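Trainee: Got a minute to walk me through this one before I set anything up?
Mentor: Sure, pull it up and ask away.

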Amino acid sequence: MSFFDQVYKSIFKKEPAGQPKTILHEVLMRSSSFQSAYRNWKAEEKFLELCNSIYASYQLKQKGVEQDPNVHVLDSSYSNGLAISHSAAFGKYDFQYLMDWFSEEIKSLGYRVSNLDVLITDKGKYTETIEKSYLKPKNGTTTPLDQQYGNILIQYVAIDDKPSYLKLQANVYNDRLYKPALPFEELTQFLFVR
């Protein structure tokens, strides 16, 4: 097979039916217009009302009561988190703004961004976009290492370019090399209670 045929086949090969196809996977870069709109969003303190409503829903969900916005809770020995379903209470970009704002706030606790990327996948019947910020504590060199709240994942998911949900998750180490993790509830209070 010639070089041209190999290139042609790799570009235009037919994907098996039902198999997701990666359209884009790269470092997440915000446009200057997005950054400007985000600065305005922060200056107007629009996050305050959103954070209050999310935290109220989170507290009620832990008691078995559902409220808008709908919050889903993850609670295990290795991973704790919450996911917020998009609703009419949010604007189109609020989840992306919250994602960036959460990252900034968590970095102020001594965390660093370990991974920041966007993945767009063609799932056949729809297109899924996942923006992800993965933060790790700067835990130093003295053992046991201070893991703070653990490694933190902030993930925004859109389906066909429409916001679907925003997830905040802390993954902890239960290992003698690390100090016990701080309670996830403290992190939620730090981020949501203003």
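**Starting from one serine**

Mentor: Let's begin at Ser 133, which sits in strand 5, residues 127–137. Keep in mind that this is a predicted model.

Trainee: OK. Is Ser 133 buried or exposed?
Mentor: Buried, with a relative accessible area of 1%.

Trainee: And what does the side chain of Ser 133 make a polar contact with?
Mentor: With the side chain of Ser 103, at 2.9 Å.

Trainee: Which residues does Ser 133 touch, leaving out those up to four places away in sequence?
Mentor: Met 99 and Ser 103, then Val 113, Asn 115 and Leu 116, and finally Ile 152, Leu 153 and Ile 154. For orientation, Met 99 and Ser 103 fall in helix 4, which runs 94–107, while strand 4 covers 111–122 and strand 6 covers 151–159.

Trainee: Let me zoom out. How many helices and strands does the protein chain have?
Mentor: Five helices and seven strands. In sequence order the pattern goes α-β-α-α-β-β-α-β-β-β-β-α.

Trainee: What does the C-alpha trace span along its principal axes?
Mentor: About 60 × 45 × 35 Å. The chain has 194 residues, and 36% of them count as buried.

Trainee: What about the exposed area, and how much of it do carbon and sulfur atoms supply?
Mentor: The chain exposes about 11,400 Å², with 52% of that from carbon and sulfur atoms.

Trainee: How many positive and negative charges are there, and how far apart are their mean positions?
Mentor: 23 positive and 23 negative, and the two mean positions are 5 Å apart.

Trainee: And for contacts between residues at least 6 apart in sequence, what share joins residues at least 24 apart?
Mentor: That's 63%.

Trainee: Switching to helix 5. Which of its residues are buried?
Mentor: Helix 5 covers 184–192, and its buried residues are Phe 184, Leu 187, Thr 188, Leu 191 and Phe 192.

Trainee: Why do those end up on the same side of helix 5?
Mentor: Because they cover an arc of only 110° around the axis. As background, an α-helix has 3.6 residues a turn, so residues three or four places apart point the same way.

Trainee: What do the buried residues of helix 5 pack against?
Mentor: Two helices and three strands: helix 3 (46–61), helix 4 (94–107), strand 3 (79–85), strand 6 (151–159) and strand 7 (162–171).

Trainee: Where is Leu 109 found?
Mentor: In the loop between helix 4 and strand 4. Leu 109 counts as partly exposed, at 26% relative accessibility. Setting aside neighbours within four places, Leu 109 is in contact with Gln 148, Tyr 149, Leu 187 and Phe 190. You've met Leu 187 already as one of the buried residues of helix 5.

Trainee: Now the arginines. Where is Arg 30, and is it buried or exposed?
Mentor: Arg 30 is in the loop between strand 1 (21–27) and helix 2, and at 17% relative accessibility it counts as buried.

Trainee: Close to the 20% cut-off, then. Which side chain does Arg 30 have a polar contact with?
Mentor: That of Asp 100, at 3.0 Å. Beyond four places in sequence, Arg 30 also contacts Gln 35, Gln 96, Met 99 and Glu 131. Met 99 is touched by Ser 133 as well.

Trainee: And Arg 39?
Mentor: Arg 39 lies in helix 2, residues 32–43, and is partly exposed at 48%. The C-alpha atoms of Arg 39 and Tyr 97 are separated by 9.2 Å, although the two residues are 58 apart along the chain.

Trainee: Last topic, backbone geometry. Which residues are joined by cis peptide bonds?
Mentor: Asp 68 and Pro 69 are, and so are Thr 143 and Pro 144. Omega is about 0° for the Asp 68 and Pro 69 bond and likewise about 0° for Thr 143 and Pro 144. Pro 69 is in the loop between helix 3 and strand 2, and Pro 144 is in the loop between strand 5 and strand 6.

Trainee: What about phi for Asp 160 and Asp 161?
Mentor: Positive for both: near 50° for Asp 160 and near 65° for Asp 161. Most residues other than glycine have a negative phi, and most peptide bonds are trans. Asp 160 is in the loop between strand 6 and strand 7, as is Asp 161. Asp 160 counts as partly exposed at 41%, whereas Asp 161 is exposed at 54%.

Notes
Residues numbered from 1 in each chain as written. Predicted model: local features only at pLDDT ≥ 70, side-chain atom pairs only at ≥ 80, totals over all residues. Heavy atoms only, no water. Buried < 20%, exposed > 50% of the residue type's maximum accessible area, 1.4 Å probe, protein only. Helix = DSSP H or I, 4+ residues; strand = E, 2+ residues; numbered from the N terminus. Arc of directions from axis to C-beta. Contact = heavy atoms within 4.5 Å. Areas by Shrake-Rupley, 256 points an atom, 1.4 Å probe, with all protein chains shown as cover. Lys, Arg positive; Asp, Glu negative; His and termini not counted. Charge placed at Lys NZ, Arg CZ, Asp CG, Glu CD. Polar contact = N/O pair within 3.5 Å; in protein donor to acceptor, adjacent residues only side chain to side chain.
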